[in-house]
Amino acid sequence: MTDQPEQISRASAHAHPNIALVKYWGKADTGRNLPATGSLSLTLGALQTHTTVARGASDTLTVNGDSRPEMAERLFRFLDSAFPDRPALSIDTQNDFPTAAGLASSASGFAAVVCAVDGLLQSGHSEHRLAQLAGGGSGSAARSLYGGIVRLDAPATENDDIRLRPLAEPADWPLEVLVAVIDEGPKAVGSTEGMERTRTTSPYYSGWIDSHARDLDLATDAVGKRDFAALADVTEHSFFKMHAVMMSSQPALLYWLPASVGVVRLVADLRARGVPACCTMDAGPQVKVVTTPDAATELASAITGVAGVQRVIRSGLGNAPVVNLER
Ligand code: DP6
């Protein structure tokens, strides 16, 4: 018998992606990947990334069974800074939803890998520290360390870090999200490059940044009061403002397809008739519709009928990542 802790041979984690209702678009520090603004998100329970890590002879990455050298470079560089004494790692990751199509696969991907590596190496970081580390890989990933509804605050000073606050657990306010899948191909311009283009070329960027704190506080207040109408108002305002700064970048960042417009218009009409629903979109043509459980079934069938919508994924709110360790 020995009191020495046995080494963990493999660790796996599953994490959920999230969608922002108050959007992050723009960095305060590209080196540390710190956001220029806060954000507020829903963790999506029906979508999942599952990542397994083990010590290896050299760094290897497979994503949905394929080796992906272009993703591997960014990932292992990130892991070098997040876990400076790490060994070589063999990483396998599976997404049960389209990768790199504006469905936040980088959020669940970085959240899952940070949790799995932390488990493998027994680093013992707090959940909050893991969220900060994941944010260094992809800004939105920090939010996937928590379930339910999550607020992220940008660093207040240049030496500061992000701060995260879970605002509601899934059961506290069981909202639903309908993802109208329009094009499952990879996005034309990734978020990191797109944000820098916007920051350096859009004449509206300062307006986007300056008006952001108010949106974050309005959304936080709406969540506190479980006020769907107020949350829907600020969600759509933040969504349209973000796409306005994207479109006013040079060259323009236009992530919309005709079906995206079709879904956004449909939801606007239904909302005007009293259906609890609002839209948001990220760096891709998919439209995410936030609603309440009683309205979700009818709304999903209306969205499925929009020309160009391939399918609708329905999701409730999800929990924080779960880690499994093997000795
Ligand atoms: C449009 O987190 O993917 O989805 O930090 O450069 O990896 P990086 O960006 P990422 O950006 C997400 C942008 C967004 C809005 C949001 O999720 O807040």
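Contact here means heavy atoms within 4.5 Å. Keep that in mind as you move around this predicted model.

**Stop 1: Ala111**

Start by selecting helix H2, residues 105–121, and pick out Ala111 within it. Is Ala111 buried or exposed? Its relative accessible area is 0%, so Ala111 counts as buried. Now show what surrounds it: setting aside neighbours within four places in sequence, Ala111 touches Ala15, Ala134, Ala141, Ser144 and Leu145. For a distance label, try the C-alpha atoms of Ala111 and Ser140, which sit 9.3 Å apart although 29 residues separate them along the chain.

**Stop 2: two positive phi angles**

Follow the chain out of H2 into the loop that leads to helix H3 (127–137), and select Gln122 there. Gln122 is not a glycine, yet its phi is positive, at about 55°. With 48% relative accessibility, this residue is partly exposed. For background, most residues other than glycine have a negative phi, and most peptide bonds are trans.

Next, jump to Asn64, in the loop between strand E7 (60–63) and strand E8 (66–67). Asn64 is another non-glycine residue with a positive phi, here about 50°. Its relative accessible area of 34% makes Asn64 partly exposed.

**Stop 3: helix H6**

Select residues 212–225, the 14 residues of H6. From first C-alpha to last, H6 reaches 20 Å, close to the 20 Å expected at 1.5 Å a residue. Colour its buried residues: His212, Asp215, Leu216, Ala219, Thr220, Ala222 and Val223. They span an arc of only 160° around the axis, so they lie on the same side of H6. As a reminder, an α-helix has 3.6 residues a turn, so residues three or four places apart point the same way.

What does the buried side pack against? Its partners are strands E2 (18–22), E5 (39–43), E10 (149–153) and E11 (163–168), together with helices H5 (205–210) and H7 (228–247). Rotate to the face turned away from the buried side, and you will find exposed Ala213, Arg214, Gly224 and Lys225. Just after H6, Arg226 has a positive phi of about 50°.

**Stop 4: a cis peptide bond**

Move on to the loop between H7 and helix H8 (258–272), where Pro251 lies. The peptide bond from Gln250 to Pro251 is cis, with omega near -10°.

**Stop 5: the second largest pocket**

Finish at the second largest pocket, with a volume of about 170 Å³. Among its 14 lining residues, select Lys187, Ala188, Leu254, Tyr255 and Pro285, the closest to the pocket's centre. By class, the lining comprises 10 nonpolar, two polar and two charged residues.

Conventions. Residues are numbered from 1 along each chain as its sequence is written. This is a predicted model: local features need pLDDT of at least 70, side-chain atom pairs count only at pLDDT 80 or more; totals for chains, interfaces and linings use all residues. Side-chain values use heavy atoms; hydrogens and water are left out. Helices (H or I, at least four residues) and strands (E, at least two) are DSSP runs, numbered from the N terminus. Buried means under 20% relative accessible area, exposed over 50%, partly exposed in between (1.4 Å probe, protein chains only). On a 1 Å grid over the protein atoms alone, a cavity is a set of points where a 1.4 Å probe fits but cannot get out, and a pocket is an open set with protein on both sides within 12 Å along at least five of seven lines; lining residues have an atom within 4 Å of a point. Grid points are joined across faces, edges and corners, and a volume is the space filled by probe spheres set on the points. Ala, Val, Leu, Ile, Met, Phe, Trp, Tyr, Cys and Pro count as nonpolar, Asp, Glu, Lys and Arg as charged, and the others, Gly among them, as polar. The expected span of a helix is 1.5 Å times one less than its number of residues. The arc is that of the directions from the helix axis to the C-beta atoms.
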